[in-house]
Amino acid sequence: MMILGIETSCDETAAAVLEAPLRVCSSVVASQVAAHAAYGGVVPELACREHVKALPLVLDEALVESGCGWGDIGAIAVTYGPGLAGALLTGLAAAQALHVRLGVPLVAVNHLHGHLFSAFLDPASPAPDTQYPFLGLVVSGGHTCLVRVAGPGDYELLGTTVDDAAGEAFDKGANLLGLGYPGGHRIDALSRDGNAHAVRFPRGVVKPGSGLTGDLDTRCCFSFSGVKTALRYHLEADPLDAGNAGRLADLAASYQAAIVDALVKRVGYALEGGSFRALAVGGGVSLNRGLRGALEALCGARGIRLHLTPPAYCGDNAAMIAAVAGLGAGRQITDVAALDVEPSPAVLF
Ligand code: KG4
Ligand code: ZN
């Protein structure tokens, strides 16, 4: 069965055609990064308008690239949350209209569930049903969480961030270093030539009893707001000299090391607590070379299989949304007209 995926939760307008369960026939992503760059972050109203403009073209392109006609589509999978309300509504309205026009089932997919399974879009990866239970790490601009995945639709949240997401920490750090927005990949590139031990930035430990994590074990939870503040104070005390490329690289490498260490330590702890067959990692920050290398080392040492998302599916995309439906998860909607978006992260799992 061919599934049309639609994803508009933030600043990427995406559509994909996937042959169930996991074969990607096309995946088209129109990035709005250039439209938001001048503002140093995503502007929600602008994101909605950009989605409205881009979505018809992106849908057409996804169909053409897949070699399918509209009549070949057997189901539609759409992101209903979490994300920006107006941005989500754009994709949902398109999916509802296509559902009526094509007369095919509509499946509502949680954006984070898409990131959890994106590693399995790699044609070389084993089928996910041989890998349960696996530990899922989602690291993006909006989210950082650890999830026990026992099957499609069977999730347990183990840890989350109590403040900023890992990608947000990269972007805020990049901004302080004058690297522009979004700057995660620039910190990554500069880190290659820097000394990661030049400055010791905080690893953001969440204290037990802080009341911020509910029932979650604080040892699986993240806090990234302190690292950015530490960089700010460091730069206030000792401003960057534009000519000192060596110091910029050292700061980037030290800053990246703090974020990567914090992530890897929590993953290590979560792996100890459950009998996991594998670790699957997705989200824009999973492009980070330091993180990929550190997770490879960790999983190698623990004898755990590691599934890293192929670069094309690390950022937001619709193939991962269709994949959730392809695996039989997601919510099949009976009253399609009543389906609404769920922007809040409180409804994740
Ligand atoms: O998954 P994504 O495209 O969007 C969200 O769902 O948020 O992730 C975007 C985030 C941005 O914060 C960006 O700076 C970060 O991923 N990012 C990276 C790298 N490439 C993208 N962070 C660190 N290293 C990278 N190479
Ligand atoms: Zn995302």
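Which residues form one aromatic cluster with Phe117? Select Phe117, Phe120, Tyr132, Phe134 and Tyr155: together they make up that cluster. Keep in mind throughout that the model on screen is predicted.

**Stop 1: the aromatic cluster**

Seven aromatic pairs are present in the structure. Start with Phe117 and Phe120, whose ring centres lie 6.5 Å apart with the planes at 50°, so this pair is tilted. Phe117 and Phe120 are both buried. Next, display Tyr132 and Phe134, an aromatic pair with 5.8 Å from centre to centre and 20° between the planes, which is stacked. Tyr132 has a relative accessibility of 13% and counts as buried. Phe134 is buried as well, with a relative accessible area of 0%.

**Stop 2: the zinc site**

Select ligand 2, the zinc ion, and show the side chains of His111, His115 and Asp316. The zinc ion is coordinated by NE2 of His111, NE2 of His115 and OD of Asp316, at 2.1 Å. Along the chain, the donors follow the spacing H-x3-H-x200-D. The four donor atoms subtend angles of 84 to 135° around the zinc ion, which makes the arrangement irregular. The tetrahedral class would require every angle to lie between 85 and 135 degrees.

Now colour helix 4, residues 111–117. His111 and His115 sit four residues apart in this helix, and therefore about one helical turn separates them. His111 counts as buried because its relative accessibility is 3%. His115, at 1% relative accessibility, also counts as buried.

**Stop 3: the six-strand sheet**

Move to the open sheet of six strands, in which the order is 3-2-1-4-5-11 and the pairing is mixed. Its edges are strand 3 (23–31) and strand 11 (331–332), each of which pairs on one side only. To inspect one edge, select strand 5 (residues 106–110) together with strand 11: these two pair in the antiparallel sense over two bridges. Val107 has Gln332, in strand 11, as its bridge partner.

Add helix 2 (residues 44–66), which packs on the sheet and touches strand 1 (2–7), strand 2 (12–19) and strand 3. The direction of helix 2 makes about 25° with that of strand 2. Then add helix 10 (residues 319–326), which also packs on the sheet. Helix 10 touches strand 1, strand 2, strand 3, strand 4 (73–81) and strand 5, and its direction makes about 135° with that of strand 1.

**Stop 4: the five-strand sheet**

The next selection is an open sheet of five strands, ordered 8-7-6-9-10 and mixed in its pairing. Strand 8 (154–160) and strand 10 (305–308) are the edge strands, each pairing on one side only. On average, and with direction ignored, neighbouring strands of this sheet are turned by 20° against each other.

Zoom in on strand 9 (residues 278–282) and strand 10, which run parallel and are joined by four bridges. Here Val281 stands opposite Leu308 in strand 10.

Bring in helix 8 (residues 245–273), which lies across strand 6 (134–139), strand 7 (144–151) and strand 9 and runs at about 160° to strand 6. Helix 9 (residues 289–302) packs on the sheet too, touching strand 6, strand 9 and strand 10. Its direction makes about 160° with that of strand 10.

**Stop 5: Asn288**

In which loop is Asn288 found? Asn288 belongs to the loop between strand 9 and helix 9. With a relative accessibility of 5%, Asn288 counts as buried. Show its contacts: apart from neighbours within four places in sequence, Asn288 is in contact with Phe170, Asp188, Gln256 and Val260. Select Gly184 as well, which is 104 residues from Asn288 along the chain, while 7.9 Å separates the two C-alpha atoms.

**Stop 6: helix 5**

Phe170, one of the contacts of Asn288, leads to helix 5 (residues 166–176), where Phe170 is buried along with Ala166, Gly167, Ala169, Asp171, Gly173 and Ala174. What do the buried residues of helix 5 pack against? They pack against strand 6, strand 7, helix 6 (184–191), helix 7 (225–237) and helix 8. End the tour at Gly178, which follows helix 5 and has a positive phi, near 75°.

Technical notes: Residues are numbered from 1 along each chain as its sequence is written. Chains are lettered from A and ligands numbered from 1 in the order in which they are written. This is a predicted model: local features need pLDDT of at least 70, side-chain atom pairs count only at pLDDT 80 or more; totals for chains, interfaces and linings use all residues. Side-chain values use heavy atoms; hydrogens and water are left out. Donors are N, O and S atoms within 2.8 Å of the metal (3.2 Å for Na, K and Ca); water is not among the atoms, so sites may look incomplete. Four donors count as tetrahedral if all angles lie between 85 and 135 degrees; four count as square planar and six as octahedral if opposite donors are over 155 degrees apart and all others between 65 and 115; anything else is irregular. Buried means under 20% relative accessible area, exposed over 50%, partly exposed in between (1.4 Å probe, protein chains only). Two strands pair if DSSP finds at least two bridges between them. Contact means heavy atoms within 4.5 Å. Axes are lines fitted to C-alpha atoms, for helices over the stretch in contact, and angles run from 0 to 180 degrees between N-to-C directions. Rings of Phe, Tyr and Trp (its six-membered ring) pair if their centres lie within 6.5 Å; planes under 30 degrees apart count as stacked, over 60 as edge-to-face and the rest as tilted.
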